[in-house]
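Please open the structure in a viewer and keep the sequence panel beside it. The tour below proceeds by selections, and each stop states what is to be found there.

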Amino acid sequence: MSTTACPYCYHRIASHRLWYQCAGRGTPGHPGCTTEVDSARQAETGFQGRSRPSFGPPRPIGPAPAKAPCPTCHGETGIRVCPCCHTPLSPNFAGSKSPLIAMVGAKGTGKTVFLTVLAHELRGGLRRRFGADVRLSGDRQGDAASPSAWLQENVDAVYDDHRLFAQTAQAQAGRREPLVFEWRQEHRRLGRTSLRTSYLSFYDTAGEDLTTQSNAVELAYLGSADALILLLDPFMLPQARQRLGLPRAALTSAEATIDVVGRVTDALRISHGVKPGKRIPIPVSVAFAKIDGLFDLLGPDHPLLTTPPAGPHYDEPAGLDTHERIRALLDELGADNVDAHLRLNYDTFRYFGISALGAPPDYESGHVDAGGVRPHRVDEPLVWLLGGFGVVPVRRK
């Protein structure tokens, strides 16, 4: 039976057998159900709010109908929820086979800044570039700490106040509420046009969640991923620190890059059941964040400092060129062991050099460059993965 991952709790579920949530309408003689804390939802996602009860499909087999009566108040409802975490899902989710794209990175890689800027681009330039309808999904039940409030606070901080963020708190029992985006656009195949909806679920892991193999394995997010954006810090490469003369505040971790990559690999092998003699099948975008910190080292004419023309597609030749230049940079900075590990453990991976801010911040004061936020190729790791899943077109020549 075909399954997809719930974008909120990451369990694999049959999207044609979703559960329901009571709408509270009731029927004559049966008042509508009231709200209460859902223990399953609290345990799976950490959600603290109140919601009406959830229940399974009325028929034991076959596709669940679009609507069903609540077994308690008998009122009809069409609100669909995940069978595991009981989080309400978009009406477009039923029947979806959307891939779940995950994002992880070690301490100090700038994940929160990257996620904030990428989310801002998703709802702006990236949406317009592909003619897509992109919106934050599932936030209607949120409160003051909801994902939309979190995102808006971060956008205000980095774009308007020009300040960075504190370190992300470590997850409790491997759970924190994710940002989920619904990406909907026209899809043309064999001369016919249809509408396809995909879901992007980004979970802002604390770097400490990847400091041991056991913690990494506990992140169900990683195990359910169909694809992965792995953020790495170029400042942690062996010769980068020596050659860049970075301020102390810029060096937020002494964690070796190869150790971080190795633990992620071990977690993926265990959670996906990959045999020792096989490579990990899910595609991985290996994105070196803070590439702006290497601009002076690379020189003003280096191709990694330019941005390929952005059309309504992923540019495969330009992407391969970037991949090979990053590979050469790893050799130059004494990190060829990272490339050897990736080649021998993953079927498909690609390197990217990105900067969410576009220029180095003042690491001592925690302020963005005076020129403001100028994202540099920040969308490329995601667009490559979307191209691989057929969500967006790929230009091959």
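## Starting at the end of a helix

Select Gly390 first: this residue, just after α12, takes a positive phi of about 75°. As a predicted model, the structure should be viewed with its confidence values at hand, and a later stop returns to them.

Next, select helix α12 itself, residues 380–388. Eight of its nine residues are buried, so the helix is largely enclosed by the rest of the structure. The buried residues to highlight are Glu380, Pro381, Leu382, Val383, Trp384, Leu385, Leu386 and Gly387.

## From α12 to Pro283

Keep Trp384 and Leu385 displayed and add Pro283. Leaving aside neighbours within four places in sequence, Pro283 is in contact with both of them, as well as with Asp226, Ala227, Leu228, Thr348 and Phe389. Pro283 belongs to the loop between α8 (257–271) and β15. Is Pro283 buried or exposed? With a relative accessible area of 18%, Pro283 is buried.

Now draw a distance between the C-alpha atoms of Pro283 and Thr348. The two residues are 65 places apart along the chain, yet these atoms are separated by 4.8 Å.

## The aromatic cluster

Select Phe288, Phe349 and Tyr351, which ring pairs link into a cluster. The model has seven aromatic pairs. In the pair of Phe288 and Tyr351, the ring centres are 6.3 Å apart and the planes stand at 45°, so this pair is tilted. Phe288 lies in strand β15 (residues 284–288) and Tyr351 in strand β17 (residues 349–353); with their positions 63 residues apart, the pair links distant parts of the chain.

Turn then to Phe349 and Tyr351. Their rings are 5.4 Å apart from centre to centre with 75° between the planes, an edge-to-face arrangement. Each member of the cluster may be checked for burial:

- Phe288 is buried, at a relative accessible area of 3%.
- Tyr351 is buried, at 0%.
- Phe349 is buried, at 13%.

A further ring deserves a separate selection. Arg41 lies over the face of Phe47, at 3.7 Å from the ring centre.

## Helix α2 and the cores

Select residues 111–122, helix α2. At 1.5 Å a residue, its twelve residues should span 16 Å, and the end C-alpha atoms are indeed 16 Å apart. The helix is mostly covered, with ten of the twelve residues buried. Those buried are Lys111, Thr112, Val113, Phe114, Leu115, Thr116, Val117, Leu118, Ala119 and Leu122.

In soluble globular proteins, nonpolar side chains tend to be buried together. Which residues have the most contacts inside the largest nonpolar core? They are Phe181, Trp183, Phe202 and Leu382, within a core of 88 residues. Helix α2 supplies the largest share of this core, seven residues. A second, separate core holds eleven residues, including Cys6, Cys9, Cys82 and Phe93.

## Two unusual backbone positions

Select Tyr10, in the loop between β1 (4–5) and β2 (12–13). Tyr10 has a positive phi of about 75°, although it is not a glycine. At 2% relative accessibility, Tyr10 counts as buried.

Then select His74, found in the loop between β7 (68–69) and β8 (76–77). Here too a residue other than glycine takes a positive phi, near 70°. His74 counts as partly exposed, at 38% relative accessibility.

## The whole chain, and where to be cautious

Finally, display the complete chain. It contains twelve helices and 18 strands, and buried residues make up 53% of its 397 residues. Among contacts between residues at least 6 apart in sequence, 75% join residues at least 24 apart.

Colour the chain by pLDDT. The average is 86, and 89% of the residues score at least 70. Which stretch stays under a pLDDT of 50? Residues 169–175 do so, and for them the model has 19 contacts beyond four places in sequence. Where pLDDT is low, the predicted coordinates should not be read in detail.

How values were computed: Residues numbered from 1 in each chain as written. Predicted model: local features only at pLDDT ≥ 70, side-chain atom pairs only at ≥ 80, totals over all residues. Heavy atoms only, no water. Phe/Tyr/Trp six-rings, centres within 6.5 Å; stacked < 30°, edge-to-face > 60°. Helix = DSSP H or I, 4+ residues; strand = E, 2+ residues; numbered from the N terminus. Buried < 20%, exposed > 50% of the residue type's maximum accessible area, 1.4 Å probe, protein only. Lys NZ or Arg CZ within 6 Å of the ring centre and 35° of its normal. Expected span 1.5 Å × (residues − 1). Core = buried A, V, L, I, M, F, W, Y, C linked by side-chain atoms within 4.5 Å. pLDDT = per-residue confidence, 0-100. Contact = heavy atoms within 4.5 Å.
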